[in-house]
Amino acid sequence: MLAPERRTRSDVIAALGIALAVIVAVTVVWLRSDARGTTSVTADTALPPLTTSAVLPDILREVWAFPSADSTAPIAVGNAAVTADGSDVVGRDPATGDEVWRYSRNYPLCGAIGSWDRVVAVYQDDRGCSQVTSLVADTGARKDQRNSDADPSVTLSADGTYVVSLGDTRMELWRSDLVRTLEYGRVDAPVNPNKQPHAGCELLSAASSSSRVSVLQKCEGDASNRLTIMNPAPKDAQEPQEYGTVVLPDSEGARVVAVSGEKTAVYLPGGNGTVSRLSIFDGAGTALVDYPVSGVDPERATLRADKNSITWWTGTQTINLRSNDLTPTWIVEGTAGPGTLVSGQLLVPVVNGIAVINPTDGAVIRMIGVDRGAITSPIVIASAGDTILEQRDGTLVALR
């Protein structure tokens, strides 16, 4: 019979040392982890379905308002209204503004946008605007996450199929599970070198559809800005597939306005005897037709695309763009932002209210009074059931 093994004092000390080392290692990992700096409070139950009245009242009054400086348009997805400010993304009951879920990080927000009945929140760490999370709109539950190189600031846009994250030197497209379908521009550690066309360019503006992504860029050696039209989901995400690229004449201050199907609309400012115009390009980058436009402030101009309408606010007027080919069909002067479709009617903000417009011909049907006080920023409208949401001056405002 073997004698029981006896532990010496040195054995006990060694075991305690190992245990202490494990505790210290776990603590260090926890202190440095993203989980420690994340607060996720989900809804106990999903928000109920929204109902929309066929007729809006003659006067709309503010019922709640919360800061939302990190969104550029109202985030109304699922049955929630969502604010994004500082480091906090908050899902709210559209009718009351009551908080129903919250997601916060120990990083500042670069921006947030609604797509796929989710909220896509982008946070800035030491790699740029690289920390991305999608949240279920009705509950705030985390769905998908990704992390990759990015610029220190980005502009987010969505077309229903992809979300575009555009920085000065780098662009990415993500599908609904946040898998990257395209990276374009700067690549810090390319797996396959020399795969990026037009390396070293400054990216100016971009827009996408399910079949095209168009980017305007300033490249060394080009006489003016370059428009490049690509596949938003090439076979290899690291190897962009160009359909066409063209240097645009006299295009300082130009912007990609919209992409629909294979068509791209680009604003080209006047110069050298030419007038300002909206130029339509086909899917291979060939210019098709120009439409003269005036009163465009490219720094303030804002686009709003719903399922059946695309409206472009130039800074002084709202122009309707036909969904299938981006042809301008009508203009309403003296507006304060783009429009949004509610119960078959287009709501367009004006100085002292909201114009209800026939989306077919641009005729003003009636006016709804809204007392906003002095507002200098563009006003972007969305609807969440019977609640009308307005993004203005870094604040999300609910009207009923």
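How much space lies in the second largest cavity? About 60 Å³. The model in which this cavity is found is predicted.

## Confidence

The protein has a mean pLDDT of 91, and 90% of its residues reach 70 or more. Residues 26-31 have pLDDT below 50, and in the model this stretch has 3 contacts beyond near neighbours in sequence. Where pLDDT is low, the predicted coordinates should not be read in detail.

## Cavities

Rolling a probe the size of a water molecule over the atoms shows where empty space is left. In this structure there are 2 cavities of 30 Å³ or more. The largest cavity holds about 70 Å³ of space.

The lining of the largest cavity includes Cys 129 and Ser 130, the run Ser 148, Asp 149, Ala 150 and Asp 151, and also Val 154 and Ser 165. Arg 170, Met 171, Glu 172 and Trp 174 are further lining residues of the largest cavity. Strand E10 (128-136) and strand E14 (170-174) are the elements that give two or more residues to this lining. The most comes from E14, with 4 residues. Sorted by class, the lining of the largest cavity has 5 nonpolar, 3 polar and 4 charged residues.

The second largest cavity, with about 60 Å³ of space, is lined by residues from separate parts of the sequence: Ser 53, Ala 54, Val 55 and Leu 56, then Val 342, Ser 343, Gln 345 and Leu 347, and finally Arg 366. The classes here are 5 nonpolar, 3 polar and 1 charged.

## Sheet E3-E34-E33-E32

One open sheet has 4 strands in the order E3-E34-E33-E32, and their pairing is antiparallel. At its edges are strand E3 (62-67) and strand E32 (380-384), each of which pairs on one side only. On average, neighbouring strands of this sheet are turned by 20 degrees against each other, with direction ignored.

Strand E32 pairs with strand E33 (residues 387-392) in the antiparallel sense, over 5 bridges. Within this pairing, Ala 382 has Leu 389 of E33 as its bridge partner.

## Sheet E16-E17-E18-E19

Another open sheet, also of 4 strands, runs in the order E16-E17-E18-E19 with antiparallel pairing. Strand E16 (202-208) and strand E19 (242-247) are at the edges; each has a single partner strand, so one side of each is left without a neighbour in the sheet. Here the average turn between neighbouring strands is 15 degrees, direction ignored.

Edge strand E19 pairs with strand E18 (residues 226-230) over 5 bridges in the antiparallel sense. One residue that can be traced across is Leu 227, whose bridge partner in E19 is Val 246.

Key. Residues are numbered from 1 along each chain as its sequence is written. This is a predicted model: local features need pLDDT of at least 70, side-chain atom pairs count only at pLDDT 80 or more; totals for chains, interfaces and linings use all residues. Side-chain values use heavy atoms; hydrogens and water are left out. Two strands pair if DSSP finds at least two bridges between them. Axes are lines fitted to C-alpha atoms, for helices over the stretch in contact, and angles run from 0 to 180 degrees between N-to-C directions. On a 1 Å grid over the protein atoms alone, a cavity is a set of points where a 1.4 Å probe fits but cannot get out, and a pocket is an open set with protein on both sides within 12 Å along at least five of seven lines; lining residues have an atom within 4 Å of a point. Grid points are joined across faces, edges and corners, and a volume is the space filled by probe spheres set on the points. Ala, Val, Leu, Ile, Met, Phe, Trp, Tyr, Cys and Pro count as nonpolar, Asp, Glu, Lys and Arg as charged, and the others, Gly among them, as polar. pLDDT is the predictor's confidence in each residue, from 0 to 100. Contact means heavy atoms within 4.5 Å.
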